[in-house]
Amino acid sequence: FTIILLTTAICVICYLRTGRLKSRDIKTIGKVTYKKIISTEVTLVFLLCTASIMMDGGMTEILSTTIVRWTGSGYSFMAALIGTLGTFITGTNTNSNILFGSLQETAALSLSLSPALMCAVQSIAASVGGTIGPTNTALVAAVAGKSGKETEIYSYTIPVTLAVTLLLGAVNAVFI
């Protein structure tokens, strides 16, 4: 955030000095930007609050230890499924990582595995899961002129997404 804010401020100053931007336009740009990002920012704030409550309240640790108890050494395989599921539930890689990153780290530590590698698998799987996210699927349907035919799109994307997720889980189980 800080880097983006500083970069924006420097660019505004440069554009004002070169005459490419008029000071009267800054307010309009600010309003338009605010309208475009406010719903996303509100969602992120609530998601961060949920993740913080889960971590601080011990929910993440309880979920993690329960999943590890159920899956044992097979958790390495499950980590990819959790990442993909997180994106399907939340809609984005970032949100999946916010929600389940701590869970993956706690699970890795309880299994004496590398938290960095487990979190990397979380992020990769979350990226893969973006292909079946409801928001992405709705956008694809709209762009392709197939609104209302999301089921048809899912018939192509779900098998491929699951195959890649299962492959990622298998690789994770073998190498971690």
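**Helix packing and local geometry around the nonpolar core**

Ser102 is buried, with a relative accessible area of 18% (buried means under 20% relative accessible area, exposed over 50% and partly exposed in between, with a 1.4 Å probe and protein chains only). The model is predicted, so that local features require a pLDDT of at least 70 and side-chain atom pairs count only at pLDDT 80 or more, whereas totals for chains, interfaces and linings use all residues. Residues are numbered from 1 along each chain as its sequence is written, and side-chain values use heavy atoms, with hydrogens and water left out.

Ser102 is placed in helix α5 (helices are DSSP runs of H or I with at least four residues, numbered from the N terminus). When neighbours within four places in sequence are set aside, Ser102 is in contact with Met55 and Thr60 (contact denotes heavy atoms within 4.5 Å). The C-alpha atom of Ser102 lies 8.3 Å from that of Cys119, and 17 residues separate the two in sequence.

Helix α5, which spans residues 93–110, also contributes to the largest nonpolar core, a set of 17 residues in which Tyr75, Ile82 and Leu103 have the most contacts. Such a core consists of buried Ala, Val, Leu, Ile, Met, Phe, Trp, Tyr and Cys residues joined through side-chain atoms within 4.5 Å. Two or more residues of this core come from each of α2, α3 (59–71), α4 (75–90), α5 and α6 (115–129). The most is given by α5, with five residues. For Ile82, the contacts beyond four places in sequence are Ile67, Tyr75, Phe100, Leu103, Gln104 and Gln122.

Tyr75 and Ile82 both appear among the buried residues of α4, which further comprise Ser76, Ala79, Ala80, Gly83, Thr84, Gly86 and Thr87. The cover over these buried positions includes α3, α5, α6 and α8. The 16 residues of α4 should span 22 Å at 1.5 Å a residue, and its end C-alpha atoms are indeed 22 Å apart; the expected span is 1.5 Å times one less than the number of residues. Just after α4, Gly91 adopts a positive phi of about 100°. A comparable description applies at the N-terminal helix. Helix α1 (residues 2–18) has 17 residues and reaches 24 Å from its first C-alpha to its last, close to the 24 Å expected. Gly19, just after α1, takes a positive phi of about 85°.

A positive phi also occurs at Ser112, about 60°, although this residue is not a glycine. Ser112 is located in the loop between α5 and α6 and counts as exposed, at 67% relative accessibility.

The packing of α8 (residues 150–175) is illustrated by Thr161, which lies in this helix. Thr161 is buried, with a relative accessible area of 3%. Residues up to four places away in sequence being excluded, Thr161 touches Thr84, Val128, Gly129, Thr131 and Ile132. From the other side of this pairing, Val128 is found in helix α6 and is buried, with a relative accessible area of 18%. Beyond four places in sequence, Val128 is in contact with Thr161, Val164 and Thr165. The C-alpha atoms of Val128 and Val164 are separated by 7.4 Å, although the two residues are 36 apart along the chain.

Helix α8 also holds Glu152. The side chains of Glu152 and Lys146 meet in a salt bridge with an N to O distance of 3.2 Å, and the structure holds one such interaction (a side-chain nitrogen of Lys or Arg within 4 Å of a carboxyl oxygen of Asp or Glu). Both partners are partly exposed: Glu152 has a relative accessible area of 33%, and Lys146 has one of 30%. The C-alpha atom of Glu152 is 17 Å from that of Phe88, with these positions 64 residues apart along the chain.

On the surface, Tyr34, Ile38, Val42 and Phe46 form a nonpolar patch with about 400 Å² of accessible area together. Patches are made of residues with over 30% relative accessible area and no salt bridge, where like charges are joined within 9 Å and nonpolar side chains (Val, Leu, Ile, Met, Phe, Trp, Tyr) within 5 Å; areas follow the Shrake-Rupley method with a 1.4 Å probe, and for residues only the protein chains shown count as cover. Val42 is placed in helix α2 (residues 23–56) and counts as partly exposed, at 39% relative accessibility. An α-helix has 3.6 residues a turn, so residues three or four places apart point the same way.
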